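User: I'm new to this one and would like to walk through it. Could you take my questions one at a time?

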Amino acid sequence: MIPGVSATPPEPDRPHLPPAYRLVALDAVDSTNEEAKRQARDGAEDGTLIWAREQTQGRGRGGRSWESPRGNLFLSLVLRPDCAPNEAAQLGFVAAVATGDAVGSVAPPMIEIRYKWPNDVLLNDRKAAGILLESQIAPSGGLDWLVLGVGVNIRSFPRDIEPPATSLQFEGAPADLDEVAFLEAFCRHFLTWTNRWLDDGFAPIRKAWLLHAKGIGEQIEVRLPKERPTGELRDLDETGALILGMADGTTRKIAAGDVYFPV
Ligand code: BTN
């Protein structure tokens, strides 16, 4: 048995996924991203999907922790796309749009689905899903593997955090919607959007993301490791970078950071 991993859930609960994915179903794990990275280093194939009912050390972006109780969805995909390392981050937008579509397929139509740069999914203005990308570059300089981790609050969400969180059930999804059904919906949509990205590039993903983007035209603060520039959220560029309109009339492109909306 691999360190940090406990027994698989019983067969009847096993999700039905498109054949493009090789499912590794776990009852509990430290972090599905950590497990996916262990398996990627051991040569796991493209499409290996680590899914756990519970994480004991779930991780978010920027070194934050991710609350991971049973009833929510935790998955990480090992991906080996044939693309440059700097293009791989676009798969975070692919995953955000797939998550939004999966929500749309299971949740009541009144739920407002928004994407917050770079990859958060908000329901009625509160965060319901987050995405964590981690990658390894090959000695040649190409992308070796990418681990794409997705956490979706299905039944519960953390209180007293900033920005505020929510869950699908809190926002009115059917009571019988569980993480297995959502995992199946996510995988269907992620496969569709990944194929679109492979065939047509980032443009259709960017368009779908911008259609539901939060805060275009609004004043934001971007938290970077050493500074916190403020300005108007103008656009998403053709690579996935955020375009910030500065007070002096110039624009600035930001490839990674956290966006905050002043209250
Ligand atoms: C964020 O918004 O900060 C990203 C959250 C990512 C959470 C998911 S849950 C599955 C995978 N395993 C982890 O430890 N993190 C990601």
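What follows is a set of questions and answers on pockets, a helix pair and a few loop residues of this predicted model.

User: Let's start with the pockets. How much space lies in the largest pocket, and which element gives the largest share of its lining?

Analyst: The largest pocket holds about 640 Å³ of space. Its lining counts 36 residues, and closest to the centre are Gly 60, Arg 64, Ser 65, Trp 66 and Lys 127. Helix H1 (32-41) and strands S3 (73-79), S6 (126-137), S7 (143-152) and S12 (258-260) each give two or more residues to that lining. The largest share, four residues, comes from S6.

User: How does the lining of the largest pocket divide by class?

Analyst: Take the classes in turn: there are nine charged residues and 12 polar ones in this lining. The nonpolar residues number 15.

User: What about the second largest pocket: which element gives the largest share of the lining there?

Analyst: About 450 Å³ of space lies in this pocket. It is lined by 20 residues, with Arg 61, Ala 89, Pro 118, Ala 255 and Ala 256 closest to the centre. Two elements, helix H3 (90-106) and S6, give two or more residues each. The largest share is three residues, and the element is S6.

User: Pro 118 caught my eye. Where is Pro 118, and what is the peptide bond from Trp 117 to Pro 118, cis or trans?

Analyst: Pro 118 sits in the loop between strand S4 (113-116) and strand S5 (120-123). The bond from Trp 117 has omega near 0 degrees, so the geometry to name is cis.

User: And the peptide bond from Glu 162 to Pro 163: what is its omega?

Analyst: Pro 163 belongs to the loop between S7 and H4. The bond leading into Pro 163 from Glu 162 is cis, with omega near -5 degrees.

User: On to helices. How are H4 and H5 set to each other?

Analyst: H4 covers residues 179-200 and H5 covers residues 203-211, and their axes are 8 Å apart. The two pack at an angle of about 130 degrees. An angle between 115 and 145 falls outside the parallel, perpendicular and antiparallel ranges, so H4 and H5 are oblique.

User: Which residues in H5 meet H4?

Analyst: From the H4 side come Trp 193, Arg 196, Trp 197 and Asp 200. By class, this contact has six nonpolar, two charged and no polar residues. The H5 partners are Ala 203, Pro 204, Ile 205 and Ala 208.

User: Now a loop residue: is Ser 167 buried or exposed?

Analyst: Ser 167 is in the loop between S7 and H4. Beyond its close sequence neighbours, Ser 167 contacts Asn 153, Ile 154, Arg 155, Ser 156 and Phe 157. The cut-off for buried is under 20% relative accessible area; Ser 167 has 0%, so it is buried.

User: Asp 160 lies in that loop too. Is Asp 160 buried or exposed?

Analyst: Phi of Asp 160 is near 55 degrees, a positive value in a residue other than glycine. For accessibility, over 50% counts as exposed. Asp 160 has a relative accessible area of 81%, so Asp 160 is exposed.

User: Last one: how far apart in space are Glu 227 and Arg 38?

Analyst: Glu 227 is in the loop between strand S8 (219-223) and strand S9 (230-236), where it touches Val 222 and Arg 252, leaving out residues up to four places away in sequence. Glu 227 and Arg 38 are 189 residues apart in sequence. In space, C-alpha to C-alpha, they are 33 Å apart.

Technical notes: Residues numbered from 1 in each chain as written. Predicted model: local features only at pLDDT ≥ 70, side-chain atom pairs only at ≥ 80, totals over all residues. Heavy atoms only, no water. 1 Å grid on protein atoms, 1.4 Å probe; cavity = no way out; pocket = protein on both sides within 12 Å on 5 of 7 lines; lining within 4 Å. Points joined across faces, edges and corners; volume = space filled by probe spheres on them. Nonpolar A, V, L, I, M, F, W, Y, C, P; charged D, E, K, R; others polar. Axes fitted to C-alpha atoms, helices over the stretch in contact; angles between N-to-C directions. Parallel < 35°, antiparallel > 145°, perpendicular 65-115°, else oblique. Contact = heavy atoms within 4.5 Å. Buried < 20%, exposed > 50% of the residue type's maximum accessible area, 1.4 Å probe, protein only.
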